[in-house]
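Biologist: Let's go through this model together, one question at a time. Please keep the reasoning short and finish on the answer.

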Amino acid sequence: MRRPSPLPQPPVPPRGPGRASADDAVGAESETAASRTAVEVDDRVDAAPEAPASPERPDAAADTGDPVREPEAGRLSVRDVWRASRARRKALRAEMRRFTVRQRRRRMMWIGAAGALLLVVLGTLGAAYSPLFAVERIDVVGAERLDAAAVESALSDQLGTPLARIDESAIKAALVTFPLVESYSLEARPPHDLVVRIVERTPIGLIQSRSGYTVVDAAGVALSTTQEPAPGAPILTIAGGTDSAAFEAAGQVMRSLPEGIRAQVTEVTASTADDVTLTLGATETEVVWGSADDSALKAVVLETTMATRPPGGVRLYDVSTPSAVVVG
């Protein structure tokens, strides 16, 4: 190979005679170093051996026209990438478990509490519907004129039934056969008691008919029928019968009377809803009540008036206008 010629050097400006400077020395040294470097580069190029062809395919470069490429030493395989990805996923999962440990503990606490509550509920229901809580005794409360033993006997088919499975429709059907029962309520007392609370109907008087004397309450329900009038019950003489407005007004008046005055009433008459009249049998004193309006106030006024002026010396009490009572 031909050795290149050295680069031309720029001309050095002339200097005065007899004057040598440091710049001349530096320039000379730079020129010498550049020439030496060019000579060394040419020598290395001449001495470099030619690259031999591949032993396996010596003509590969001649066939394709491309230089032969050796495999790169730092290139990654598919297995290395898969292992790195798996390691990264494991690291991410570990970090997630570390940051969510409190949340997972709280979730486990809620699951445990819900499971315990479910077990308690299931256990309670299982015990309630088991024979351990079967009815063994029926108590009837509130029966005065009604025979409590007869009511208990009518409900005896509920004995042996778990308290949670009491048949209320069957109990209602049994109590309907007792006319004195106005309302009732059931109370379960574990482990074996069933309490039946009864509210009896309040009779207001007797209605005379061909079959005898029928005891009725304020709703007109027949409670019993006898051939002779029952003692202590007033005779009701109501126009229109038990389905009329006069009977409804008379029933409200009788229910509003204090027990002491109600016991003295022997007769109740009413032709309309506005002219209810009571008769006190011991003295045959009449009480003009009027309509059923303000019956509670009229009852208080009548009781106060009878206390100051007893019915023994009075033939008439008119409380149809509570603010202006007439006594005669």
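**Salt bridges, helix faces and surface**

Modeller: Start with a charged pair in this predicted model. Arg189 and Glu187 form a salt bridge, with the closest N and O atoms 3.3 Å apart.

Biologist: Is Arg189 buried or exposed, or in between?
Modeller: Buried needs under 20% relative accessible area, and exposed needs over 50%. Arg189 has 37% relative accessibility. Its partner Glu187 has 28% and counts as partly exposed. Arg189 likewise falls in the middle class: partly exposed.

Biologist: Which strands hold Arg197 and Glu187, and how many residues apart are they?
Modeller: Arg197 also forms a salt bridge with Glu187, the closest N and O atoms being 3.2 Å apart. The pair links distant parts of the chain. Arg197 is in strand β3 (residues 193-200) and Glu187 is in strand β2 (residues 181-189), a separation of 10 residues.

Biologist: How accessible is Arg197?
Modeller: The class limits are under 20% for buried and over 50% for exposed. Arg197 lies between them and counts as partly exposed. Its relative accessibility is 35%.

Biologist: By about how many helical turns are Arg262 and Glu259 separated?
Modeller: Their side chains meet in a salt bridge, 2.7 Å from N to O. Glu259 is exposed, at 55% relative accessibility. An α-helix has 3.6 residues a turn, so residues three or four places apart point the same way. Arg262 and Glu259 are 3 residues apart in helix α8, so the separation is about one helical turn.

Biologist: Which residues are joined into one network by salt bridges that share partners?
Modeller: The structure holds 7 salt bridges. Some share partners and so build a network, given that a salt bridge is a Lys or Arg nitrogen within 4 Å of an Asp or Glu carboxyl oxygen. The network members are Arg137, Asp139 and Asp193.

Biologist: Within what arc do the buried residues of α9 fall?
Modeller: Helix α9 (residues 295-308) has 14 residues and reaches 20 Å from first C-alpha to last, close to the 20 Å expected. Its buried residues are Ser295, Lys298, Ala299, Val301, Leu302, Thr305 and Met306. Seen down the axis, they line one face of the helix, because they fall within an arc of 165°.

Biologist: Which exposed residues sit on the face of α9 turned away from its buried side?
Modeller: The buried side is covered by elements including α7 (245-256), β9 (276-280) and β10 (285-290). The face turned away from that side carries exposed residues. They are Ala296, Ala307 and Thr308.

Biologist: What do the buried residues of α6 pack against?
Modeller: In helix α6 (residues 168-175), the buried residues are Ile171, Ala174 and Leu175. They cover an arc of only 95° around the axis, which puts them on the same side of α6. They pack against α5 (148-154), β2 and β3.

Biologist: What is the area of the nonpolar surface patch that includes Tyr129?
Modeller: Tyr129 lies in the loop between α4 (101-128) and β1 (137-141). It is partly exposed, with a relative accessible area of 45%. Together with Leu117, Val121 and Leu125, Tyr129 makes a patch of about 390 Å².

Biologist: What share of the 328 residues counts as buried?
Modeller: The protein has 9 helices and 12 strands. It exposes about 22800 Å², with carbon and sulfur atoms supplying 57% of that. Buried means under 20% relative accessible area. The share of residues that count as buried is 24%.

Conventions: Residues numbered from 1 in each chain as written. Predicted model: local features only at pLDDT ≥ 70, side-chain atom pairs only at ≥ 80, totals over all residues. Heavy atoms only, no water. Patch = residues over 30% accessible without salt bridge, like charges linked within 9 Å, V, L, I, M, F, W, Y side chains within 5 Å. Areas by Shrake-Rupley, 256 points an atom, 1.4 Å probe, with all protein chains shown as cover. Helix = DSSP H or I, 4+ residues; strand = E, 2+ residues; numbered from the N terminus. Buried < 20%, exposed > 50% of the residue type's maximum accessible area, 1.4 Å probe, protein only. Expected span 1.5 Å × (residues − 1). Arc of directions from axis to C-beta. Contact = heavy atoms within 4.5 Å.
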